[in-house]
Amino acid sequence: MNTIPTTFNNKLPSYTAVGGSGRSTSAGNSAGISARISTGISAVILNRGNQQSRRELWGELEKAGFDHILSIENASANYDTETVPSDFPFVRFIFLNEPVSRGEEINIAASEISSPLFFLMWSDMQILRSGTADRMVERLQTPHVQEPLNVENGQAVFSTEGKSQFKRLCTVPLIQNGHNETIPTIITPALIYQKKSVISIKTILSSANREATPSLCPFDGIGIYDRERFIRSGGFDPSIKSFYWQLMDFGFRCNLWGEKIAGTKLIKLAYKGDVPERDGTADDSYKRFFLKNLSPVFRGDYAHIPLRRFPWYYRTMGSGLSAAWDEFSATREWVNINRYRFTSDARALAESWESLDVSSAETDDDALSPLEDSH
């Protein structure tokens, strides 16, 4: 049985970081990173599909003024680690030593960068609207923080007086498909009950009808993340292998712990090809998600998983008695460790969610657990 991590960096995969020691200045000359003042945001590229168009994307991101550009390379890819970094000195390459989940790749990126924000996108995408990197940061700063307080060694130093200088943990851009059609990326939870207990979940997809429309989690992981909040939240759970349920777990946990994820209409990306399918199969990853996020009950100022939930979990999830109890008790202990970080439970979160315009919403049937029919 995989143990649920209790801290962000206690189970990072093995990898090799190469390059990223310099980038061109506004005059086009090669220089160290410290030659330019930090904008406060780095770009992270997850690789998928054809590798040929990445060079153009790297160039666009470098011109936009990102502090660093990280490219997470697939463990199975064949690269010359000596020549590739020298061809692109402004890109830092992360070579994985073994295959890992997508969520673990993002955790590695967050551990490698030092910028307060990081912009996550995929290699099979293009930026349609965003503005410069410093403009992105300016939009996300809270009203009382407009400029870095000072600069040390070329890096911006922001105020850290107990409160983040940014509006939310993650900001999700508008996204188009390969036919220039805006796809629904705002995700809203809809819970399914049996005798007042949450037994399943489905999600509703819609388009952002206004700025800062709340979303349960970032669509396909794409978004601008507050690095400090991301790490404090624990990042993505490596014990969950499905990227779909990693995203759901991350988003639900962050919302239950009082963080915010929301959409923006000021940044727009587009897939160059087909939109990736979202696989919400109710497998072992779903079981872990269910226990961590749908089972806790919030009382007063803390959350816990009642023992009375175990019989239903054992009968429904299809695990043997010993395996079901091990999973249940381990997750119950994880919730107990984090009990005071919860600000609500799944029921309260769903009930307080802002109503959607049903004319622009559609049910994500792939995310509908078979458990809906269990009663």
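**Exercise 1. Aromatic pairs**

How many aromatic pairs does a search of the whole structure find? Take the Tyr225 and Phe250 rings and classify them.

*Solution.* Before we start: this is a predicted model, where local features need pLDDT of at least 70 and side-chain atom pairs count only at pLDDT 80 or more, while totals for chains, interfaces and linings use all residues. Residues are numbered from 1 along each chain as its sequence is written, and side-chain values use heavy atoms, with hydrogens and water left out.

Step 1: fix the criterion. Rings of Phe, Tyr and Trp (its six-membered ring) pair if their centres lie within 6.5 Å; planes under 30 degrees apart are stacked, over 60 edge-to-face, and the rest tilted.

Step 2: run the search over the whole structure, and 28 aromatic pairs come out.

Step 3: check the example. The ring centres of Tyr225 and Phe250 are 6.2 Å apart with planes at 50°, so this pair is tilted.

Step 4: place the pair on the chain. Tyr225 is in strand β14 (residues 223-226) and Phe250 in helix α6 (residues 243-256), which puts them 25 residues apart and makes this a link between distant parts of the chain. Helices (H or I, at least four residues) and strands (E, at least two) are DSSP runs, numbered from the N terminus.

Step 5: look at burial. Tyr225 and Phe250 are both buried, where buried means under 20% relative accessible area, exposed over 50%, and partly exposed in between (1.4 Å probe, protein chains only).

**Exercise 2. A pair within one helix**

Work out the geometry of Tyr286 and Phe289, then find the cluster they belong to.

*Solution.* Step 1: the centres of the Tyr286 and Phe289 rings are 6.2 Å apart and the planes sit at 40°, so call this one tilted.

Step 2: both residues are in helix α7 (residues 284-294), and being 3 residues apart they are separated by about one helical turn. Both are buried.

Step 3: follow the ring pairs outward. They link a cluster that includes Tyr286, Phe289, Phe290, Trp312 and Trp325.

Step 4: add the charge. Arg309 has its charged end over the ring of Trp312, 5.8 Å from the centre; the criterion is NZ of Lys or CZ of Arg within 6 Å of the ring centre and within 35 degrees of the ring normal. Lys292 does likewise with Trp334, at 4.6 Å from the ring centre.

**Exercise 3. Salt bridges**

Which parts of the chain do the bridges Arg48–Asp124 and Arg288–Glu327 link?

*Solution.* Step 1: recall the idea. Side chains of opposite charge can pair when their charged atoms come close. The cut-off here is a side-chain nitrogen of Lys or Arg within 4 Å of a carboxyl oxygen of Asp or Glu.

Step 2: the whole-structure search gives 16 salt bridges.

Step 3: for Arg48 and Asp124, the closest N and O atoms are 3.1 Å apart. Arg48 is in the loop between β4 (41-46) and α1 (54-64), Asp124 in the loop between β7 (117-122) and β8 (125-129), 76 residues apart. Arg48 has 18% relative accessibility and counts as buried.

Step 4: Arg288 and Glu327 meet at 2.4 Å, N to O. Arg288 is in helix α7 and Glu327 in helix α9 (residues 321-337), so this bridge ties together parts 39 residues apart in sequence. Arg288 and Glu327 are both buried.

Step 5: finish with a network, in which salt bridges link Asp226, Glu228, Arg229, Arg232 and Glu259.
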